[in-house]
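This is a walk through one protein model, written to be read with the structure open. It deals with charged pairs, nonpolar cores and a few local details.

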Amino acid sequence: MGNVREQARWTRARLGRCGPALDLLTARFARHEYAPHAHDEYTVGVTVGGLETIAYRGGRIVSGPGSIVVLEPGEMHTGGPAAPEGYAYRALYAAPALLGDGTLGTGHPYFPEPVLHDAELAAALRRTHTDLSACPDPLEAESRLPWLLAALARRHSASRADDAAVPGARSVALTVRDRLAPPSLADLAADVGLSRYQLLRAFRTAMGVPPYAWLAQYRVTRARALLEAGVRPAEAAALVGFADQAHLTRWFRRVLGVTPAAYRNSVQDAGHRPGAHSAT
């Protein structure tokens, strides 16, 4: 049996059905210390418990609960506990282009401060990491992660933000909405001559939700009709395009407040109550 105080779990998410992979790490360490090393990607982490100390850029930084840590590609660093209780964090490893998508210029975003205090963004990163670690849906990953990483670069890097309004946002959003199956935001963005960040911004502005959320709600509506017809939740999930029954259940509860099984049972029970009649 493994030591419950020394845990690390990796999940691989894919940004779009045929897009690049992005790794997610969920870790808790009481004693583990990383040897000096560097990554080709940006390391973006949120500390969720304890204190971590990191040797970085010739100095030493400390991150506590709620802090965001950004380590740039090629920068040597370590990592270890800064307190007896150890530390816990969630991290993702993002290609430089994902952070540069929402900024102007050709260089990679530079973060003068590696430890950031942005409660709203930290909560969003942690929530997204948790959801995608449980169910790494490609469209959800492609919608949520680039958006948050671009926001990270715009808010905290030394690069200039690309905040110009997207021309014809409503038209762009309708094009995306009508072509979300099979979904690939990168391909859709190329088709309409925008970056993936601009595409996401246009869709959210016009529709009020990101593409993955709109598609999930559309799938829930279709699944609801199948459940009413007596289809089992696992079958309904596959028929409407969810990854599995758990993925359907997560979104069904978000939209309707009950599980698919409970909904199916309730509508079928209603149909069999004395006095219940079908429409003619």
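Arg 155 is partly exposed, with a relative accessible area of 42%. The model is a predicted one, and in it the side chain of Arg 155 meets that of Asp 118 in a salt bridge, at 2.9 Å from N to O. The two residues come from distant parts of the chain, 37 residues apart: Arg 155 is in helix α3, while Asp 118 sits in the loop between β10 (115–116) and α2 (119–134). Asp 118 has 11% relative accessibility and therefore counts as buried, since buried means under 20%. The bridge thus pairs a partly exposed arginine with a buried aspartate.

The structure holds 11 salt bridges. Side chains of opposite charge can pair when their charged atoms come close. Another bridge joins Arg 144 to Glu 140, at 2.6 Å from N to O. Here the partners are local: they are four residues apart in helix α3, so about one helical turn separates them. Arg 144 is buried, at 10% relative accessibility, and Glu 140 is buried as well, at 0%. Neither residue stands alone, because salt bridges with shared partners join Asp 131, Glu 140, Arg 144, Arg 250 and Arg 254 into one network.

A further bridge lies between Glu 75 and Arg 57, whose side chains meet at 3.4 Å, N to O. Glu 75 belongs to the loop between β7 (68–71) and β8 (77–81), and Arg 57 to the loop between β5 (52–56) and β6 (59–63), so the pair ties together parts that are 18 residues apart in sequence. Glu 75 is partly exposed, with a relative accessible area of 24%. Arg 57 is also partly exposed, at 31%. What is the phi of Arg 57? Phi is near 55°, a positive value in a residue other than glycine. Most residues other than glycine have a negative phi.

Next come the nonpolar parts. In soluble globular proteins, nonpolar side chains tend to be buried together. The largest nonpolar core in this model has 28 residues, and those with the most contacts inside it are Leu 185, Leu 199, Phe 242, Leu 248, Trp 251 and Phe 252. Several helices each supply at least two residues of this core: α3 (138–156), α5 (185–191), α6 (196–207), α7 (211–228), α8 (233–240) and α9. Which helix gives the most to this core? The answer is α7, with seven residues. Apart from this core lies another, of 27 residues, among them Leu 22, Leu 24, Ile 68 and Leu 99.

Helix α7 can be checked for its length. Its 18 residues should span 26 Å at 1.5 Å a residue, and its end C-alpha atoms are 26 Å apart, which agrees. The buried residues of α7 are Pro 211, Tyr 212, Ala 213, Leu 215, Ala 216, Arg 219, Val 220, Ala 223 and Leu 227. Just after the helix, Gly 230 takes a positive phi of about 100°.

Two of those buried residues, Val 220 and Leu 227, are touched by Phe 252. Leaving aside residues up to four places away in sequence, Phe 252 also touches Arg 224, Gly 257, Val 258, Thr 259, Pro 260 and Tyr 263. Val 258 is in addition part of a nonpolar patch on the surface, together with Val 255 and Leu 256. The accessible area of these three residues comes to about 180 Å² together. Leu 256 is found in helix α9 (residues 245–256). Is Leu 256 buried or partly exposed? With a relative accessible area of 31%, Leu 256 is partly exposed.

Some totals set these details in context. The secondary structure of the protein comes to 10 helices and 10 strands. Of its 280 residues, 47% count as buried. The protein exposes about 13,800 Å², of which carbon and sulfur atoms supply 52%. Among contacts between residues at least 6 apart in sequence, 69% join residues at least 24 apart.

Definitions and conventions: Residues are numbered from 1 along each chain as its sequence is written. This is a predicted model: local features need pLDDT of at least 70, side-chain atom pairs count only at pLDDT 80 or more; totals for chains, interfaces and linings use all residues. Side-chain values use heavy atoms; hydrogens and water are left out. Patches are made of residues with over 30% relative accessible area and no salt bridge: like charges are joined within 9 Å, nonpolar side chains (Val, Leu, Ile, Met, Phe, Trp, Tyr) within 5 Å. Accessible areas come from the Shrake-Rupley method with a 1.4 Å probe; for residues, only the protein chains shown count as cover. A salt bridge is a side-chain nitrogen of Lys or Arg within 4 Å of a carboxyl oxygen of Asp or Glu. Buried means under 20% relative accessible area, exposed over 50%, partly exposed in between (1.4 Å probe, protein chains only). A nonpolar core is a set of buried Ala, Val, Leu, Ile, Met, Phe, Trp, Tyr and Cys residues joined through side-chain atoms within 4.5 Å. Contact means heavy atoms within 4.5 Å. The expected span of a helix is 1.5 Å times one less than its number of residues.
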